[in-house]
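Please work through the exercises below with the sequence and the three-dimensional model open beside you. Each task is followed by a solution that goes step by step.

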Amino acid sequence: GLQTGTIARMLNALCREYGSCGVMAVDDEQVIGKVRFSPDGLARVAPECVQQDAEALAAFDPDLLPAKATVLPGGLRIWCLQVVDDARYRGKGIATEMMRQVIEWARIGGWERISAKAIPTIPPLLDWTGLFSVDAYQRLGFTRVGSEASPELLEGVRNMRAGAHGEDVRQQWEAFAHVSAEEAAMLHEMVLEL
């Protein structure tokens, strides 16, 4: 129900004010991956998840973005990290390279830290959430600074295991039968000090 161009309007405003709001991986002319980010604390002004907060996105007002000078030096928040669900791109290091680009851009730009939510290394969960794994962030130098249970993630885990996301997804979960639904549904806060 969003007007055409609503998402582009928000992303363009973030780029104009802060110099960037993401990194994209492209193969020929097809976008195959993306990382979206913004300065810490913008969730009230610019929604982190377009799919889950369409109402806030529709109300987005670029005039409410704080000026770059007021948020630097400060931290960046990763909103979303996704690579298309296609065997041609799986295991190629695309997500890791996009994150390296974010880290380099942040260092050059004078940001102090990058923070993000992460989940366990469970492929169907990674595909569904648009998040990076704890292990992958740690390989990039991030540190886990906290964890919290996520009721939404728990519901998703239970639904996937029950087959609500398709038989192929249910079968992928069989390899993780030893991981409780509660453990799989933990969100971990990751931070990289720059």
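The exercises take up a pocket, salt bridges, backbone geometry and surface exposure in turn.

The structure is a predicted model, in which local features need pLDDT of at least 70 and side-chain atom pairs count only at pLDDT 80 or more, while totals for chains, interfaces and linings use all residues. Residues are numbered from 1 along each chain as its sequence is written, and side-chain values use heavy atoms, with hydrogens and water left out.

**Exercise 1. The second largest pocket**

Task: State the volume of the second largest pocket and describe its lining.

Solution. Begin with the volume, the space filled by probe spheres set on grid points that are joined across faces, edges and corners; for the second largest pocket it is about 590 Å³. A pocket here is an open set of points on a 1 Å grid over the protein atoms alone, where a 1.4 Å probe fits and protein lies on both sides within 12 Å along at least five of seven lines, and lining residues have an atom within 4 Å of a point.

Next, locate the centre: of the 23 lining residues, Val83, Arg90, Ala95, Leu126 and Asp127 are the closest to it. The elements that each give two or more residues to this lining are β3 (75–83), α4 (94–109), α5 (123–129), β5 (132–133) and α6 (134–139), where helices (H or I, at least four residues) and strands (E, at least two) are DSSP runs numbered from the N terminus.

Finally, sort the lining by type: eleven residues are nonpolar, seven polar and five charged. In this scheme Ala, Val, Leu, Ile, Met, Phe, Trp, Tyr, Cys and Pro count as nonpolar, Asp, Glu, Lys and Arg as charged, and the others, Gly among them, as polar.

**Exercise 2. Salt bridges around helix α8**

Task: Which salt bridges does arginine 170 form, with glutamate 167 and with glutamate 174, and at what N to O distances?

Solution. Apply the criterion first: a salt bridge is a side-chain nitrogen of Lys or Arg within 4 Å of a carboxyl oxygen of Asp or Glu. The side chains of glutamate 167 and arginine 170 meet this at 2.4 Å, N to O, and both residues lie in helix α8 (residues 167–173), three residues apart, about one turn of the helix. Arginine 170 also forms a salt bridge with glutamate 174, whose closest N and O atoms are 2.7 Å apart.

Then check the exposure, for which buried means under 20% relative accessible area, exposed over 50% and partly exposed in between (1.4 Å probe, protein chains only). Glutamate 167 counts as partly exposed because its relative accessibility is 42%, and glutamate 174 is likewise partly exposed, at 47%. Arginine 170 is partly exposed because its relative accessible area is 23%.

Elsewhere, salt bridges that share partners join Arg77, Lys117, Glu148 and Glu189 into one network. Within this network, lysine 117 is placed in strand β4 (residues 113–119) and is partly exposed, with a relative accessible area of 25%. A search of the whole structure finds ten salt bridges.

To complete the picture of helix α8, consider valine 169, which lies in that helix and is buried because its relative accessible area is 14%. Valine 169 and proline 124 are 45 residues apart in sequence, yet their C-alpha atoms are 6.2 Å apart in space.

**Exercise 3. Backbone geometry**

Task: Which residues does a cis peptide bond join, and what is phi of aspartate 28?

Solution. As background, most residues other than glycine have a negative phi, and most peptide bonds are trans. The cis bond joins leucine 72 and proline 73, with omega at about -10°, and proline 73 lies in the loop between α3 (68–71) and β3.

Now turn to aspartate 28, whose phi is near 60°, a positive value in a residue other than glycine. Aspartate 28 sits in the loop between β1 and β2 (30–39), and counts as exposed because its relative accessibility is 73%.

**Exercise 4. Two exposed sites**

Task: Are methionine 24 and aspartate 85 buried or exposed?

Solution. Methionine 24 lies in strand β1 (residues 22–27) and counts as exposed because its relative accessibility is 56%. Aspartate 85, found in the loop between β3 and α4, also counts as exposed, at 56% relative accessibility.
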